[in-house]
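Here are a few exercises to work through with the model open in your viewer. Try each task before reading its solution.

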Amino acid sequence: MSTVTPSSRRILVTGANKGIGKAICERLLQEWDDTYVLLGSRDLQRGEEAKADLINSLGDSCKDRLQVIHLDTSSDESVQKAAESISGDDKLYGIINNAGIGFGRSMEETVNTNYFGPRRVNDAFGKHLKRPGGRIVNVSSASGPIFLQNLSDASLKGKLNQAWTIPGGLEELDTIARTIKGGNEYGASKALLNAYTFLYAKANKDLIINAITPGYIKTDLTAGSGASNPPSKGAVPPCWLMMDEDVAHQPTGRYYGSDCVRSPMDCYRGPGEEPYVNNDDLVEVSKN
Ligand SMILES: NC(=O)c1ccc[n+]([C@@H]2O[C@H](COP(=O)([O-])OP(=O)(O)OC[C@H]3O[C@@H](n4cnc5c(N)ncnc54)[C@H](OP(=O)(O)O)[C@@H]3O)[C@@H](O)[C@H]2O)c1
């Protein structure tokens, strides 16, 4: 029996049956006792197994605050169905767009999951978000800024780094996403996601919308690449962006490094380095 109370902070986490997504669910349940977590999984059985694992490690008390939701972020139909399945009466406190695929896929497949996935989820679940003040965290990657750093097409680089200069806004960004070329599919998809984060925040000033990288974490996505940090470490930055009180008082549409410090979208900033400062792109959150 699942229990959502009026004071629960109900949070959807996509791609949460393993890796960083599952660790995010664990951290949300463990560190904040008013959370209610919707664990998104494109395979119901894998989702239920993750739920059983979490109850096993956190104890029975989290059982009533955890629900699996069947959600394939690459499919319009699946996302629509999932959004319709949740009750409209209890608002969502937040969405963590974590589902993602890694290297070695076509541009179309990579962009469909890593860019259009969060796009679909936010469009479909946005009506359930608490306004003002609901939050969206897009789990991005340092591969996005690195992609832009190495991009020779100055016009495209300018648009993705300074999304407010894209004349056609989100619609034009979607067209760019459908036609973008190049050898670094993963980096391209995350650069698009960062640009989208800015434009979506600008279009939804009553929400707190940002992107963040979890850092270099050992998961199936990085298998064999030498990553050694556990998923629990990768869960810290997205959970900070979702739950920290100070974040609500900052402008939104930003990209943060794994040290939870604002970072540029067009070049790599390492943890501990100077914060990125630029106010050209200021999007203030409206309080009503
Ligand atoms: N690991 C890192 O070092 C690192 C660094 C920077 C950013 N990230 C980002 O962190 C996020 C999580 O990655 P991870 O390292 O935890 O990878 P992972 O262990 O491979 O987990 C990815 C999760 O996303 C799910 N997923 C993939 N496509 C999906 C879809 N269409 N619909 C729903 N769920 C889908 C997977 O489900 P299945 O089990 O069904 O495949 C899995 O649950 C990704 O966005 C990734 O880009 C990771």
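**Exercise 1.** Is Asp 34 buried, partly exposed or exposed? Work that out, then find its salt-bridge partner.

*Solution.* Before starting, note that this is a predicted model, where local features need pLDDT of at least 70, side-chain atom pairs count only at pLDDT 80 or more, and totals for chains, interfaces and linings use all residues. Residues are numbered from 1 along each chain as its sequence is written, and side-chain values use heavy atoms, with hydrogens and water left out.

Step 1: get the cut-offs straight. Buried means under 20% relative accessible area, exposed over 50%, and partly exposed in between (1.4 Å probe, protein chains only). The areas come from the Shrake-Rupley method.

Step 2: apply them. Asp 34 has a relative accessible area of 26%, which makes it partly exposed.

Step 3: look for the partner. A salt bridge puts a side-chain nitrogen of Lys or Arg within 4 Å of a carboxyl oxygen of Asp or Glu. For Asp 34 that partner is Arg 9, at 2.8 Å from N to O. Asp 34 sits in the loop between H1 and strand E2 (35-41), while Arg 9 belongs to strand E1 (residues 9-13), so this pair ties together parts that are 25 residues apart in sequence. (Helices, H or I of at least four residues, and strands, E of at least two, are DSSP runs numbered from the N terminus.)

**Exercise 2.** How many salt bridges does the structure hold? Compare the surroundings of Asp 259 and Arg 269, too.

*Solution.* Step 1: the count is twelve.

Step 2: take Asp 259 and Arg 269, whose closest N and O atoms are 2.7 Å apart in a salt bridge. Both lie in the segment after strand E7 (255-256), so the bridge ties together parts that are ten residues apart in sequence.

Step 3: check the cover. Asp 259 is partly exposed at 26%, whereas Arg 269 is buried at 8%.

Step 4: find a network. Arg 119, Asp 123 and Asp 174 are joined into one by salt bridges that share partners.

**Exercise 3.** Which strands does E5 pair with, and which way do its side chains point?

*Solution.* Step 1: two strands pair if DSSP finds at least two bridges between them. Strand E4 (residues 94-97) runs parallel to E5, with four bridges, and Gly 94 stands opposite Arg 135.

Step 2: turn to strand E6 (residues 208-212), also parallel to E5 and joined to it by five bridges. Here Ile 136 has Ile 209 as its bridge partner.

Step 3: sort the side chains. In a regular strand they alternate between the two faces of the sheet. In E5, Arg 135, Val 137 and Val 139 point one way and Ile 136 and Asn 138 the other.

Step 4: check burial. Five of the five residues in E5 (residues 135-139) are buried.

**Exercise 4.** What surrounds the ligand, and which polar groups come up to its oxygen atoms?

*Solution.* Step 1: list the shell, counting residues with a heavy atom within 4 Å. There are 30, and Arg 42, Asn 98, Tyr 186, Ile 217 and Thr 219 come nearest. Helix H1 (19-31) and helix H9 (185-203) each supply at least two shell residues.

Step 2: look at the ligand's oxygen atoms. One is 2.8 Å from a side-chain N or O atom of Arg 46, and there is a 2.7 Å distance from a ligand oxygen to a polar backbone atom of Ile 217.

Step 3: ask about cover. The protein covers 94% of the 900 Å² of accessible area that the ligand has on its own.

Conventions
Polar contact = N/O pair within 3.5 Å; in protein donor to acceptor, adjacent residues only side chain to side chain. Areas by Shrake-Rupley, 256 points an atom, 1.4 Å probe, with all protein chains shown as cover.
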